[in-house]
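Here are a few exercises to work through with the viewer open. Try each task before you read its solution.

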Number of protein chains: 2
Amino acid sequence: MNKIKIGIVGYGNLGRGAELAISHAPDMELAAVFTRRDPASLHILTENAKVYSMDALACMQGKIDVMILCGGSATDLPEQGPAVAKLYNTIDSFDTHAKIPEYFAAVDEAAKNSKHISIISVGWDPGLFSLNRLYAESILPNGENYTFWGKGVSQGHSDAIRRVPGVKNAIQYTVPIEKALEAVRSGAHPQLTTRQKHLRECYVVAEEGADKAQIEHAIKTMPNYFDEYDTVVHFISEEELHRNHSKMPHGGFVLRSGTTGDGNNKHIIEYSLKLDSNPEFTSSVLVAYARAAYRMAQNGECGAKTVFDIAPAMLSPKDSADLRKELL
Amino acid sequence: MNKIKIGIVGYGNLGRGAELAISHAPDMELAAVFTRRDPASLHILTENAKVYSMDALACMQGKIDVMILCGGSATDLPEQGPAVAKLYNTIDSFDTHAKIPEYFAAVDEAAKNSKHISIISVGWDPGLFSLNRLYAESILPNGENYTFWGKGVSQGHSDAIRRVPGVKNAIQYTVPIEKALEAVRSGAHPQLTTRQKHLRECYVVAEEGADKAQIEHAIKTMPNYFDEYDTVVHFISEEELHRNHSKMPHGGFVLRSGTTGDGNNKHIIEYSLKLDSNPEFTSSVLVAYARAAYRMAQNGECGAKTVFDIAPAMLSPKDSADLRKELL
């Protein structure tokens, strides 16, 4: 069997996770990694894969079936998404919700012109959570969707704390509030404020001699990031931060609370994830959708797609008859 | 806008649920109901829909876009599925898991010959639970799927109890065992026996003067239905049965417990349903997939399909740009 040849663009946490996920896929192989660093300095796990500079991106055209873009949504993907779609089929995890329409349009134009498939915004949110919002809303049109995140590390909020004067290092967990979750599960259709849904828990390493009260005040009153939430600040040692907070767990909940008939029958649909490693799980989703991109390209399809456009069977290495027999 | 014209074949609990779900769909209308009973005796809710005898099934060809087959899987669907697929696009909830390959083949042949689309085995299991098994397995190939049902009424088990001598009426609830669910959620990958996963709880109305101990023994030792389970039997009055047990709740859980990377990072994906009315929810799923069948038929596709073959966006009345903006 010819294996699907995958390329990885960007070898950070997500890129390394993608490499691991590819190694567990029976029908795929990693062909090349593209990096901004010096290619000679990069040590990857896959023996036969090549490492190239980002400048040499075009060099594997015709030799890579799907490129997995593992850059960030803030600055990498807005540029890389359309650029790489001119050369290859692509998958990415663009997750700036508000800018998705604009990003979709840019990638769609590039992919249609070059006759490639590009599946954007793949991961768990956007991604698996989006799928669950869509399925649930389509089945129960009378109802409401609720999304809760966590318990998990928010890189954006952790970075924001690290910028506070006197802070040496920090990590922030987003924590869903159990009471709010229970209210949704009860079918009560609660209207929940930002503060009622999530708590922000911060573990902070202060610089020697820094004013901890002042740091705590600066964090709790920080606009957009913390001021609308109940925030808990714990000061800990650098050693404790590394020992207890070096994993990147995450997860969350998507619920739909809806009714059928005359409105008397209530139904709750709940989807949840509890993840030890956010980047390893996200990259596992990317790899499954890379399989779909390959198949759609084989079928002659092109343009930008999202998880909404992909038939679930496309994600599995099993054929349709086996899927019906084993999983239906 | 031209509304999608739906027909319902069989007007039991599922058929009535489908009619209610159609009334909440902005882009659909019920055109006709087909029944085995005397059409004049049937009182349906939709003012402008027609009621026909099952014998007149062919009379609405060209006037119905999709037929929702609301018969049972034991005897109705094996015959109706292929027969109606010769005349119309169809949706059904065929749920005899072991016979799905055979049923798929029969419907596929009929639908391909007549150039119709037939989506089989739509509902929540098979259906939404199947989707979750497939998505989760594709993303976490190293892991295990677990399905729990309930708490909910099993019609098959309730019927089996009613056949026990001395039983006047009965209802049986399948109850997932919380301890087993928690073991799965912990990531411990437990091997669970039938008895460890589900409890069977029976509410029984005995005939006047019947030997209750004998009834209880007959139930608990019934092969296939109860002998492999811990079974609890409560004797209650007919009045209490009607007062407290006349709804048809159901639900359940699909979990995947898997690992990524070197196996050290554990992930739990959990999907659950808590349904006040099994038939109203199931028919809501059927109606959403009827929209997909209509669209696929418009695209010129034909043959038998399952939920695995349907891109999620097909289920929603919203267009792709709105879906990306609102739900992605």
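Two strands count as paired if DSSP finds at least two bridges between them. Keep in mind that this is a predicted model.

**Exercise 1. Pair up a hairpin**

Task: work out how β12 and β13 of chain B pair, and find which residue stands opposite Leu255(B).

Solution.
- Step 1: take β12(B), residues 250-260, and look for its bridges to β13(B); there are eleven, and the sense is antiparallel.
- Step 2: start at Leu255(B) and cross over to β13(B), where you land on Glu270(B).
- Step 3: go to the turn of this hairpin, where four residues sit between the strands. Gly261(B) has a positive phi there, near 65°.

**Exercise 2. Follow β13(B) across the chains**

Task: find what β13(B) pairs with in chain A, and say whether β13(B) is largely enclosed or open.

Solution.
- Step 1: look at β13 of chain A, residues 265-275; this strand and β13(B) run antiparallel and share nine bridges.
- Step 2: pick out single partners. Glu270(A) is bridged to Ser272(B), and Tyr271(A) has Tyr271(B) as its partner.
- Step 3: check burial with the cut-off of under 20% relative accessible area. Nine of the eleven residues of β13(B) count as buried, so the strand is largely enclosed by the rest of the structure.

A side note on strands: in a regular one, side chains alternate between the two faces of the sheet.

**Exercise 3. Zoom in on one residue**

Task: describe the surroundings of Asn265(B), starting with whether Asn265(B) is buried or exposed.

Solution.
- Step 1: locate Asn265(B); it belongs to strand β13 of chain B.
- Step 2: compare its relative accessible area, 11%, with the 20% limit. Asn265(B) comes in under that limit, so it is buried.
- Step 3: list the neighbours, skipping residues up to four places away in sequence. From chain A you get Lys247(A), Asp276(A), Ser277(A) and Glu280(A), and from chain B you get Gly258(B), Thr259(B) and Thr260(B).
- Step 4: look for a polar partner. The side chains of Asn265(B) and Lys247(A) make a polar contact of 3.0 Å.

**Exercise 4. Take stock of the interface**

Task: build up a profile of the contact between chain B and chain A, from residue counts to salt bridges.

Solution.
- Step 1: count the residues; chain B puts in 65 and chain A puts in 65.
- Step 2: get the buried area, which is about 5,600 Å² between the two chains, with 60% of it on carbon and sulfur atoms.
- Step 3: search for salt bridges across the interface, and you find two. One of them links Glu137(B) to Lys318(A), with the closest N and O atoms 3.0 Å apart.
- Step 4: count residue pairs in polar contact, with both residues at pLDDT 80 or more; this gives 33.
- Step 5: see which elements of chain B supply at least two residues each to the side that touches chain A: α3 (100-114), α4 (128-139), β13 (265-275), α10 (278-298) and α11 (320-326). The largest share, eleven residues, belongs to β13(B).
- Step 6: sort that side of chain B by class, which yields 31 nonpolar, 20 polar and 14 charged residues.

**Exercise 5. Order an open sheet**

Task: which strands of chain B stand at the edges of the four-stranded open sheet?

Solution.
- Step 1: write down the order, β8-β9-β10-β11 in chain B, and note that the pairing is mixed.
- Step 2: look for strands with a single partner. These are β8 (152-153) and β11 (230-235), so each has one side without a neighbour in the sheet.
- Step 3: inspect one pair. β10(B), residues 198-206, and β11(B) are parallel over six bridges, and Leu199(B) has Asp230(B) as its bridge partner.

**Exercise 6. Check the backbone**

Task: where are the cis peptide bonds at Pro126(A) and Lys151(A), and what is phi at His189(A)?

Solution.
- Step 1: read omega between Asp125(A) and Pro126(A); a value of about 5° makes the bond cis. Pro126(A) is in the loop from β6 (117-119) to α4 (128-139) of chain A.
- Step 2: do likewise for Gly150(A) and Lys151(A), a cis bond with omega about 0°. Lys151(A) sits in the loop between β7 (143-149) and β8 (152-153) of chain A.
- Step 3: read phi of His189(A), which is positive, near 50°, although the residue is not glycine. Its place is the loop between α6 (178-185) and α7 (194-197) of chain A, and at 29% relative accessibility His189(A) is partly exposed.

Methods:
Residues numbered from 1 in each chain as written. Chains lettered and ligands numbered in written order. Predicted model: local features only at pLDDT ≥ 70, side-chain atom pairs only at ≥ 80, totals over all residues. Heavy atoms only, no water. Contact = heavy atoms within 4.5 Å. Buried area = accessible area lost by both parts, 1.4 Å probe. Salt bridge = Lys/Arg side-chain N within 4 Å of Asp/Glu carboxyl O. Nonpolar A, V, L, I, M, F, W, Y, C, P; charged D, E, K, R; others polar. Buried < 20%, exposed > 50% of the residue type's maximum accessible area, 1.4 Å probe, protein only. Polar contact = N/O pair within 3.5 Å; in protein donor to acceptor, adjacent residues only side chain to side chain.
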